[in-house]
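Here is a short report to read alongside the structure. Please have the viewer open as you go.

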Amino acid sequence: MTVFASLTDQAPNHWRILAQEMVAPFARQIDREARVPPQVVTALRQAGAFASGFNRRLALPVTRSQGTGGDVATDQVPDQVAAALDHGALHQALGAASASVQGVLNVHHMGGSALAKWGSKAQKAQWLPRLTSGDMRCAIAMTEPQVGSDISAVQTRARPVAKGYALTGRKAWITCGDFADLFVLIASLPQGPTAFLLPRDAPGLTIAPIDDMLGCRGYMMADLILDEVFLLDDHLLGRPGFGASHVAVTGLESGRINLAWGCVGLAQAACQCAMRRAKTRQQFGGAIADFQLVQQMLARMTTDIHAAGLMCRSASVARALRQMDAAKQATMAKYFASQMVGRVTRDAQQIFGAEGIGPNTPMAMYHRDSRIMEVIEGTTQVLESMIARLALAEVPA
Amino acid sequence: MSESISAIAAFMTRSFDGAEIAPDQDIFEAGYGNSMFSMQLVAFVESHFGIEVDADDLDIDNFRSINRVASLVARKQSLVSA
């Protein structure tokens, strides 16, 4: 099998087995209760999922309890490419099983990858083993009530004080705000936006959970309210003024690829349900899969998913090989896949008819979850602007 | 060093719509540097020169001009080969 092996290949891999056996059975419960249950977190930890995407040198040894191998042939591609594709397969598998759980691993990797890239040796030694083992969960806190994609405008203030900083402000819509143990948080210093490592138990930090989200209810979203939260000097990540341009961007690039893979998985799950439904639902003396207008939807769904999957693979390979267009590819993959999953879940729901909007299929959950994807990690409109600027920069005037 | 300077100059010229950048010209003062370019520059020096830019290198002076970036690359390469 090569890097661009068919996405329709159904050879078992360890992430797919983990996701289907240990995550998918809880998907409806997660949606209902808006929390990821401890047994799911334990299964992910034991399988090494919290270490996925991190440089192996930084991770503690982990024992995989599920399955025997991946679907990427490591003898044909460089190690870093195989690792990147294996990481993508994790997010694809989790996206199919529970978009909420994919989001938990996504923000863990977003914050963790920013720390792994821009942390000091001491910070990496202190935090990364606990993050990669899953003993601690990470998230990234950028958004504020008045600040979205323009991270450079953050209003949370960091005030230099003796031996550290005092942070005051409010972070909004933080995925895993009510779950993570450590936040990579962007606050403003006189030098500009700056990243800090904020432990959940820091005095002065209040977590305000957000209930009744439209979809991805297991994101355990919360606002973070900071009232003179004191952080020692060694909790500054990177350098003052580099929080938005370097630290946050590193996390966002990770998040965009992860989320794109998650969208492919979610779309595949919805599509497979719709395929089975089309084959078994009888109308006018035959299966509705024999009707050309249903076939049109199935053809669109299948092609859309395949195209998004290829973009994800290309983006993961580009990042692993440090290609110059890696950022553009990650952005395009998220841009395309997050819209694709909306189209696919809508058609899948349509194929189910009344049952697609009722309580007995996962279609409504898929549809609600899919609506989240175009909003987080950069809205479709913000990504369009970024892609255009990156593409324009490649063409001489 | 001169090969590094040529490669960095070519990258900046490509990034700045064909503008010729003098080796000591301050690209931020000239209005060329923005947040998107900052990470592209990191990606370029890492991929082109096989070095790892880390937190210790996050000093705006390291990225201010072609010559400054070339000096950073030379320092990092000497650490790798040492």
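The sections below look at chain A and then at where it meets chain B.

## Overall build of chain A

Keep in mind that this is a predicted model. Chain A holds eleven helices and ten strands. Its radius of gyration is 21 Å, close to the 21 Å that the globule rule gives for 397 residues, so chain A is as compact as a globular protein of that length. If you turn the C-alpha trace of chain A along its principal axes, you will find that it spans about 80 × 50 × 45 Å.

## Inside and surface

How much of chain A is buried? Of its 397 residues, 57% are buried. Looking at contacts between residues at least 6 apart in the sequence of chain A, 75% join residues at least 24 apart.

On the outside, chain A has an accessible surface of about 16,400 Å², and carbon and sulfur atoms account for 54% of that. As for charge, chain A carries 37 positive and 32 negative charges, and the mean positions of these two sets lie 2 Å apart.

## Where the chains meet

The size of an interface is often given as the accessible area lost when the parts come together. Between chain B and chain A, the buried area is about 1,800 Å², with 62% coming from carbon and sulfur atoms. On the chain B side, B:M36, B:M39 and B:L58 provide 36% of the area that chain B buries against chain A, more than any other three residues. In the contact, 22 residues come from chain B and 18 residues from chain A.

Notes: Residues are numbered from 1 along each chain as its sequence is written. Chains are lettered from A and ligands numbered from 1 in the order in which they are written. This is a predicted model: local features need pLDDT of at least 70, side-chain atom pairs count only at pLDDT 80 or more; totals for chains, interfaces and linings use all residues. Side-chain values use heavy atoms; hydrogens and water are left out. Helices (H or I, at least four residues) and strands (E, at least two) are DSSP runs, numbered from the N terminus. The radius of gyration is taken over C-alpha atoms; the globule rule is 2.2 Å times the number of residues to the power 0.38. Buried means under 20% relative accessible area, exposed over 50%, partly exposed in between (1.4 Å probe, protein chains only). Contact means heavy atoms within 4.5 Å. Accessible areas come from the Shrake-Rupley method with a 1.4 Å probe; for residues, only the protein chains shown count as cover. Lys and Arg count as positive and Asp and Glu as negative; His and the chain ends are not counted. The place of a charge is taken as NZ of Lys, CZ of Arg, CG of Asp or CD of Glu. Buried area is the accessible area (1.4 Å probe) that two parts lose on being put together, summed over both.
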